[in-house]
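Please walk me through this structure, beginning with how its strands are joined and moving on to what is packed between them.

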Amino acid sequence: MRIAAPTFALFAVLAGGCGSGVAGSVTEPARRSAQIEWNGQGADFGGLSGLLMAPDGMSLIAVSDKGLLIEADLIRHADGRLTGVHETARHRLTAPDATVLFDKDADAESLAMLGADLLISLERRNAIWRYDAIGAVPMDVAVPEGIATLQTNSGIEALTTTPEGAILAIPERSGALERPFPIYRLRDGVWDTDLSIPREPPFLPTDADVGPDGRLYVLERHFTGFSFRVQVRSFAMDPAPMDGQLSDMRYDVPPVSDLDNAEGLDVWRDAQGQLRLTMISDDNFMFLQRTLITEYVLVPGD
């Protein structure tokens, strides 16, 4: 069952802080510009959990939780509105030991770029792999014990990088409803957990991206038992708060409920200078669900 939602709100903070320390906050409206269904061919199409957009928004890379990496061109109207998608290539993920992965042996969840290299997080393996080329044999990125011992099927769900070259990894669960989600950060070869984001039950992270504006955007989802509810929260990364917890304010704005199982997010800037949020849904290889690509344009505040 899908319930149409005409509005969408992006939760954002204007200054770093936590609780009463938040200096200012705002709910930024986002206008939906397009939503298309991607009907890919073959039984192995589906389950797309990670998304990377080209800087110009004209192509994408998506990864499935059964080990398939897909490249596609995007078709846009003259005004930039997304109208179609055309697959151009498929690749099976390869492990660091050169094994070709299938099904749940892969369970890839998120994509990020580190320079010219592709990063992929794998939830069940609690691993991050680094590819110097699509289809190549990756290097295993050494992860701290905090990542290696995450609970089964609740590992790194969201992966992104900063302009300075740091890797940010966020697990699907924090271990307790009142406990913030840790941000595992790799800088200069050293992992830390100096930063975190507050948990907002019942939502759980599914992806994240540091946008061209330097803010951290986190895609979150909740399964109600009948449908999925989705929200995006945005966090100021600079200046970092003294206590390390990046925080937004809670707003009583109904999250979107017609994005299906949204699991991939990319934030980019179009030719007109507008920030766009592109999301992709994981259909879980179930006929009742769909692979949707949904796009929003952030509307500047007054």
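Two strands are said to pair if DSSP finds at least two bridges between them. In this predicted model, that condition is met by E19 and strand E20, the latter covering residues 292-298, which pair in the antiparallel sense over five bridges. One of the positions that can be followed by eye is threonine 278, whose bridge partner in E20 is glutamate 295.

E19, which runs over residues 275-281, also pairs with strand E18, made up of residues 262-269, and here the antiparallel pairing extends over seven bridges. Arginine 269 has leucine 275 of E19 as its bridge partner. The hairpin formed by E18 and E19 has five residues between the strands, and in this hairpin glycine 273 takes a positive phi near 85°.

How much of E19 is buried? Seven of its seven residues are buried, so that the strand counts as mostly covered, where buried stands for under 20% relative accessible area. The covering applies to both faces, with Leu275, Leu277, Met279 and Ser281 buried on one side, and Arg276, Thr278 and Ile280 buried on the other.

Elsewhere in the chain, an open sheet of four strands can be traced in the order E3-E4-E5-E6, with antiparallel pairing. E3 and E6 stand at its edges and have a single partner strand each, so one side of each is left without a neighbour in the sheet. Neighbouring strands of this sheet are turned by 25° against each other on average, direction ignored. Between E3 and E4 the antiparallel pairing runs over five bridges, and leucine 51 stands opposite alanine 62 in E4.

From the strands we can turn to the nonpolar interior. The largest nonpolar core has 18 residues, and those that touch the most other members are Trp38, Leu48, Leu60, Val85, Ile280 and Ile293. Two or more residues are given to this core by each of strand E2 (25-37), strand E3 (48-53), strand E4 (59-64), strand E5 (68-76) and strand E6 (82-92), and E5 gives the most, with four residues.

Leucine 48 offers a closer view of these surroundings: leaving aside its neighbours within four places in sequence, leucine 48 is in contact with Trp38, Ala62, Val63, Ser64, Ile70, Glu263, Ile280, Ser281, Asp282 and Thr291. Apart from this core lies another, of 16 residues, and among them are Ile61, Ala108, Leu122 and Trp129.

Key. Residues numbered from 1 in each chain as written. Predicted model: local features only at pLDDT ≥ 70, side-chain atom pairs only at ≥ 80, totals over all residues. Heavy atoms only, no water. Core = buried A, V, L, I, M, F, W, Y, C linked by side-chain atoms within 4.5 Å. Buried < 20%, exposed > 50% of the residue type's maximum accessible area, 1.4 Å probe, protein only. Contact = heavy atoms within 4.5 Å. Axes fitted to C-alpha atoms, helices over the stretch in contact; angles between N-to-C directions.
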